[in-house]
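Student: I've got a structure to go through with you. Can we talk about what the terms rest on?
Tutor: Sure, put it up and ask away.

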Number of protein chains: 2
Amino acid sequence: MNIEEFVRDGHLTYMPSVAVDCAIFGFHDNTLKILLLKWKNLKGWSLPGGYMKRTEEADEAAGRLLRERTGLEKIFLQQYHTFTGIDRTKIPGMDMQEFGHSIGVEIGPEHWLRQRVVCVGYYALVEYSRVRNPQADTFTEVCEWCNIDELPHLLFDHKEMIEMAVKTLRLQLNFQPVGLNLLPHKFTMSELQKLYETLLGYPLDRGNFRKKMLGTGILRKTGERPTGKAHKAPHLYSFNKQEYVRSLKSGMRFS
Amino acid sequence: MNIEEFVRDGHLTYMPSVAVDCAIFGFHDNTLKILLLKWKNLKGWSLPGGYMKRTEEADEAAGRLLRERTGLEKIFLQQYHTFTGIDRTKIPGMDMQEFGHSIGVEIGPEHWLRQRVVCVGYYALVEYSRVRNPQADTFTEVCEWCNIDELPHLLFDHKEMIEMAVKTLRLQLNFQPVGLNLLPHKFTMSELQKLYETLLGYPLDRGNFRKKMLGTGILRKTGERPTGKAHKAPHLYSFNKQEYVRSLKSGMRFS
């Protein structure tokens, strides 16, 4: 669907008042990254997102958008908050009527793109190295990873969306496993701790972390150590996927 | 607004595709209760809820609905999930056109009440004893507390909504305080533990629970013991509200 078709007939395919946005996180060089889009005609960036189709639920819309931007399938997407600010999609200085004229479509006051939009927010953790060539969409010209600590100017309420996604991710560390898709298949306890420390933003006690992690049952000792290291090299772990998925669904038990 | 006005002109006041529902929990006789509405013309019950006004955000809509049903103000309402099932509000056997005729309003295929509705779910914990006279709304005839273990037949996707609210509440126990609004102002450690056990659905170790709770900083020892009890009676605690609210907002720290 090109821009003209979208503006003129989009309401036949999409729900005019409901959108989905995705905060897609990756981890690289001990830094938390997020995938952002640079808009063509607006001075700013946004999360990947879009209107929900009339034929899909929010989970499906989020999966579609993630696939379109990254090519990745079957990624665990977590709904975390729905944003309902009354003027959240109003763009200061943007004249919708003028924009309509520029593409030959009349955008009157009752036009579907002028309706208030609530947005269901999702976040996902993906393997940074698997997203080699992220794709922009119709309205944007660049799709790339940005450091979470050095965000560009964000449009709409997307700064708030990202802040809340990071906050949710941090809370999640208390009751759900994190790491699958963010770490290589085999990793040391130090690498896992570094990931947690980066996500949390503060250092953790090594002994406590190790004890807690081993207690969750989500780790499997591979019996291997990094190659080329001396005998005292640290153990390599991998995730016990069955237990990991179970914990993801039901939460880890209060103890 | 009566039913006829609502059906005819409701779309001028409300967003046709966005609603809010509230799972309102109370605790009484060591049992978790939830506030439900019995519908007038449909054989079933639902959560309190309704369309979101064009002039309000979801938090405001949830607060309004809670106030209308219970009379309570300034209750902490937590958004927990948005439900977007395509046919989630379709009622089997319900003929909308016939319903329209019965109240003298034409409900054609494009009528605003026939549009798909996504629903932002909230939950709240309220003091059972303060909700003396819950009020039904235009479409319902009874509003009352039901035991969470003995739910009546639920309409729409409200069974799923309640299950997810309970699950969220259980997860929340791992990283946010619970108890304010559910317990009396002063309570024993056993009473607090009983609340947690009821919410979680399984017993907890007494020593660990006590240690963990005291470690959070949200409890204040009052120095009192229940009156009329012997010297060995248990201590009474109350919540340190400042620390409680802080923990509610920012989560308890990973340790």
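Tutor: Chain A superposes on chain B by a rotation of 180° with 0.0 Å of shift along its axis, at an RMSD of 0.0 Å (a least-squares fit on the C-alpha atoms of residues with pLDDT of at least 70 in both). The two copies are thus related as by a two-fold rotation axis.
Tutor: Ground rules: this is a predicted model, where local features need pLDDT of at least 70, side-chain atom pairs count only at pLDDT 80 or more, and totals for chains, interfaces and linings use all residues. Residues are numbered from 1 along each chain as its sequence is written, chains are lettered from A and ligands numbered from 1 in the order written, and side-chain values use heavy atoms, without hydrogens and water.

Student: How do you know that the copies meet through the same surface?
Tutor: Contact means heavy atoms within 4.5 Å, and 38 residues of chain A are in contact with 38 of chain B. Of the interface residues of chain A, 100% are also interface residues in chain B, so the surface is the same.

Student: What is the area buried between chain A and chain B?
Tutor: About 3100 Å², with 62% from carbon and sulfur atoms; that's accessible area (1.4 Å probe) lost on putting the two parts together, summed over both.

Student: How many salt bridges are there between chain A and chain B?
Tutor: The count is 0, where one would need a side-chain nitrogen of Lys or Arg within 4 Å of a carboxyl oxygen of Asp or Glu.

Student: Why are H5(A) and H6(A) called roughly perpendicular?
Tutor: The axes of H5 (residues 189-200) and H6 (residues 206-216) of chain A come within 11 Å and cross at roughly 100°. Roughly perpendicular covers 65 to 115 degrees, so H5(A) and H6(A) qualify. A:Met189, A:Leu192, A:Gln193 and A:Tyr196 of H5(A) make the contact with residues of H6(A) including A:Phe209 and A:Met213.

Key. Axes are lines fitted to C-alpha atoms, for helices over the stretch in contact, and angles run from 0 to 180 degrees between N-to-C directions. Helices (H or I, at least four residues) and strands (E, at least two) are DSSP runs, numbered from the N terminus. Angles under 35 degrees count as roughly parallel, over 145 as roughly antiparallel, 65 to 115 as roughly perpendicular and the rest as oblique.
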